[in-house]
Amino acid sequence: MTSNNNDFQIRRIATKDFQQVKEALNFLTEVEPLSQEKFDKVLEYWSTYKLPECDSPVYNCFIIVPVNDSGDETGEVAAVGTIFIEQKLIHGGALTGHIEDIAVNAKFQGKKLGKKLINYLSQYGLNNGCYKVILDCEEKNIGFYEKCNFNRHGVEMQIRK
Ligand code: ACO
């Protein structure tokens with residue numbers, strides 16, 4: 001799936017994106033150690049699972065890539081993010097979309113690419129049957145997600161090893 005945005009395109013992640021995706025994700029958190037082999041295995045695992053009632057995969061990782069005047073990709077990855085679609089028992093077996101691991105490479109921040117990616121992922125979830133799309137974020141990013149039309153709801157809890 002590809003969608004145009006002037007000199008940027010959104011498409012699914014691929015094995016060739018390893019280095020550039022790692023670079024983008026480093027603006028979110030620690031990524032290493034992550035080998036090309038492990039990266040490929042995760043992509044392969046993600047592609048294994050499909051939702052029973054629609055054609056969408058469960059794991060949907062998309063990237064934003066810059067393109068040149070001829071429409072060819074420059075080889076960079078400006079942003080990366082995932083929507084994981086959960087099949088529930090409640091609400092008659094409803095679907096919920098979970099947006100995870102959003103990162104815009106610092107070189108491309110402030111160009112509305114984060115907003116474009118969040119809008120794309122949330123529409124993807126809603127168009128594929130999710131009755132809601134949710135995410136967790138730090139306090140410092142609340143303003144960003146409010147600009148993307150998300151509202152505060154509940155509190156994130158966690159337990160860590
Ligand atoms: N707080 C408040 N407003 C913000 C913030 C922020 N932290 N960041 C951006 N905005 C505003 C912008 O000013 C802009 O407002 P405008 O439309 O009125 O001009 C709007 O939000 C859209 O901004 P973008 O240009 O789309 O933001 P950007 O492309 O820089 O992406 C992001 C924002 C994703 C937070 C980016 O800075 C980033 O990757 N940060 C590091 C990693 C990170 O924190 N990721 C999010 C983790 S949460 C998760 O994964 C679910």
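How many salt bridges does the structure hold? The answer is seven. Before I describe some of them, I should state that what we are looking at is a predicted model.

Let me begin with the salt bridges around Arg11. Arg11 pairs with Asp17, and the closest N and O atoms of the two are 2.8 Å apart. Arg11 also meets Glu73 through its side chain, again in a salt bridge, at 2.8 Å from N to O. This second pair links distant parts of the chain, since Arg11 sits in strand β2 while Glu73 sits in the loop between β3 and β4, 62 residues apart. Taken together, Arg11, Asp17 and Glu73 are linked in a network of salt bridges.

How does this network stand with respect to the surface? Arg11 has a relative accessibility of 11% and therefore counts as buried, the limit being under 20%. Asp17, at 5%, is likewise counted as buried. Glu73 is partly exposed, because its relative accessible area of 32% falls between the 20% and 50% limits. As a general remark, side chains of opposite charge can pair when their charged atoms come close.

Another of the salt bridges joins Glu86 to Lys88, with 3.4 Å between the closest N and O atoms. Glu86 has a relative accessible area of 24%, so this residue is classed as partly exposed.

I turn now to the interior. Which residues touch the most other members of the largest nonpolar core? They are Ile64 and Ile99, in a core of 26 residues. The elements that contribute two or more residues to this core are strands β2 (8-12), β3 (59-66), β4 (79-87), β5 and β6 (130-134), together with helix α4 (113-127). Of these, α4 supplies the largest share, namely six residues. In general terms, nonpolar side chains tend to be buried together in soluble globular proteins.

A further buried residue that I wish to mention is Leu25, in helix α1. Its relative accessible area is 19%, which means that Leu25 falls under the 20% limit and is classed as buried. Leu25 and Ile102 are 77 residues apart along the chain, yet their C-alpha atoms are separated by 7.8 Å.

Two other separations may be set beside that one. Tyr45, in helix α2 (residues 36-48), is partly exposed, with a relative accessible area of 41%. The C-alpha atoms of Tyr45 and Tyr59 are separated by 9.1 Å, with these positions 14 residues apart in the numbering. Lys107, for its part, is placed in the loop between β5 and α4, and with a relative accessibility of 56% this lysine counts as exposed. From the C-alpha atom of Lys107 to that of Asn151 the separation is 28 Å, for two residues 44 apart along the chain.

Next, the surface charge. Where do Glu100, Asp101, Asp136 and Glu156 gather? These four residues form a patch of negative charge on the surface. Asp101 belongs to strand β5 (residues 95-104). With 47% relative accessibility, Asp101 is counted as partly exposed, because exposed residues must be over 50%.

Finally, I would draw attention to the backbone. Most residues other than glycine have a negative phi, and most peptide bonds are trans. Against that background, three places deserve inspection.

The peptide bond from Glu32 to Pro33 is cis, with omega near 0 degrees. Pro33 is located in the loop between α1 (18-25) and α2.

His91, although not a glycine, has a positive phi of about 50 degrees. This histidine lies in helix α3 (residues 90-93). Is His91 buried or exposed? Its relative accessibility is 57%, so His91 counts as exposed.

Lys112 is not a glycine either, and has a positive phi of about 70 degrees. Lys112 is placed in the loop between β5 and α4. With a relative accessibility of 62%, Lys112 counts as exposed.

To close, I return to two points in this predicted model. The salt-bridge network links Arg11, Asp17 and Glu73, and the largest nonpolar core has 26 residues, with Ile64 and Ile99 touching the most other members.

Notes:
Residues are numbered from 1 along each chain as its sequence is written. This is a predicted model: local features need pLDDT of at least 70, side-chain atom pairs count only at pLDDT 80 or more; totals for chains, interfaces and linings use all residues. Side-chain values use heavy atoms; hydrogens and water are left out. Patches are made of residues with over 30% relative accessible area and no salt bridge: like charges are joined within 9 Å, nonpolar side chains (Val, Leu, Ile, Met, Phe, Trp, Tyr) within 5 Å. Accessible areas come from the Shrake-Rupley method with a 1.4 Å probe; for residues, only the protein chains shown count as cover. Lys and Arg count as positive and Asp and Glu as negative; His and the chain ends are not counted. The place of a charge is taken as NZ of Lys, CZ of Arg, CG of Asp or CD of Glu. Helices (H or I, at least four residues) and strands (E, at least two) are DSSP runs, numbered from the N terminus. Buried means under 20% relative accessible area, exposed over 50%, partly exposed in between (1.4 Å probe, protein chains only). A nonpolar core is a set of buried Ala, Val, Leu, Ile, Met, Phe, Trp, Tyr and Cys residues joined through side-chain atoms within 4.5 Å.
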